[in-house]
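Q: Please examine one part of this structure closely and explain how its pieces fit together. A single connected account would be preferred.

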Amino acid sequence: MLYNQSQQQHHHRGDDRQQITRAREAAEALFRPKRQPIEASVPEPPPAVVSSARKPRVLAIASPTPVHVEREAPVSAKQQMAPEIPRSQFARVRTWVKYGMTAPQVAEVYGVAVDEVERILRKT
């Protein structure tokens, strides 16, 4: 009876090995490079023949139409600047100046005249 059990255990190990081998082969097949199908029925012509046989894909232009671009009159520096910085931003302006920004830099951020920034700084 002891002999029979060892044969069964050995037999099960063999099945396990076969399953492991099949699983490994299946996994390797997933990562194996795929072969390109070879078409032997129609030989490819040399590259020089192919390039001369092709026509360029260029669309013809019927007639150029003139493009009219309307430009606005140049805006003066006073028109570009906003009238004033909102009161809710005064603390931010003071903080920026405290930490090194100049009045012209702050004015550029808000799009206002430098006088507006200086006016806020004087109210401190």
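A: In this predicted model, Ala-103 touches Val-114, Val-117 and Glu-118, leaving aside residues up to four places away in sequence. These contacts belong to the packing of two helices, α5 and α6: Ala-103, Pro-104, Val-106 and Ala-107 of α5 meet Val-114, Val-117 and Glu-118 of α6. The axes of α5 and α6 lie 8 Å apart and form an angle of about 115°. Because angles of 65 to 115 degrees count as roughly perpendicular, α5 is described as roughly perpendicular to α6. The crossing of α5 and α6 is right-handed.

The helix α6 has two distinct sides. Its buried residues are Glu-116, Val-117 and Ile-120. These three cover an arc of only 100° around the axis, and therefore they fall on the same side of α6. Asp-115 and Arg-122, on the other side of α6, are exposed. The cover over the buried residues of α6 includes α4 and α5.

The helix α4 also packs against α5. Their axes are 10 Å apart, at an angle of about 140°, which makes α4 oblique to α5. The crossing of α4 and α5 is right-handed. On the α4 side, the contact is made by Arg-92, Val-93, Trp-96 and Val-97, and on the α5 side by Val-106, Val-109 and Tyr-110. Val-106 is thus listed in the contact of α5 with α4 and also in the contact of α5 with α6.

The largest nonpolar core draws on these helices. It consists of 9 residues: Ile-85, Phe-90, Val-93, Ala-103, Val-106, Ala-107, Val-112, Val-117 and Ile-120. The elements that each give two or more residues to this core are α4 (90–98), α5 (103–110) and α6 (114–122). The greatest contribution comes from α5, with 3 residues. Ala-103, the starting point of this account, is one of the core residues, as are Val-117 and Ile-120, both of which are among the buried residues of α6.

One further residue concerns the approach to α4. Pro-86 is located in the loop between α3 (77–80) and α4. Its relative accessible area is 44%, so Pro-86 is partly exposed, a class that lies between the limits of 20% for buried and 50% for exposed. Pro-86 is 24 residues from Tyr-110 in sequence, and the C-alpha to C-alpha distance between them is 9.7 Å. Tyr-110 is itself one of the α5 residues in contact with α4.

How values were computed:
Residues numbered from 1 in each chain as written. Predicted model: local features only at pLDDT ≥ 70, side-chain atom pairs only at ≥ 80, totals over all residues. Heavy atoms only, no water. Core = buried A, V, L, I, M, F, W, Y, C linked by side-chain atoms within 4.5 Å. Buried < 20%, exposed > 50% of the residue type's maximum accessible area, 1.4 Å probe, protein only. Helix = DSSP H or I, 4+ residues; strand = E, 2+ residues; numbered from the N terminus. Contact = heavy atoms within 4.5 Å. Arc of directions from axis to C-beta. Axes fitted to C-alpha atoms, helices over the stretch in contact; angles between N-to-C directions. Parallel < 35°, antiparallel > 145°, perpendicular 65-115°, else oblique. Left-handed = near helix turned anticlockwise from the far one by under 90°.
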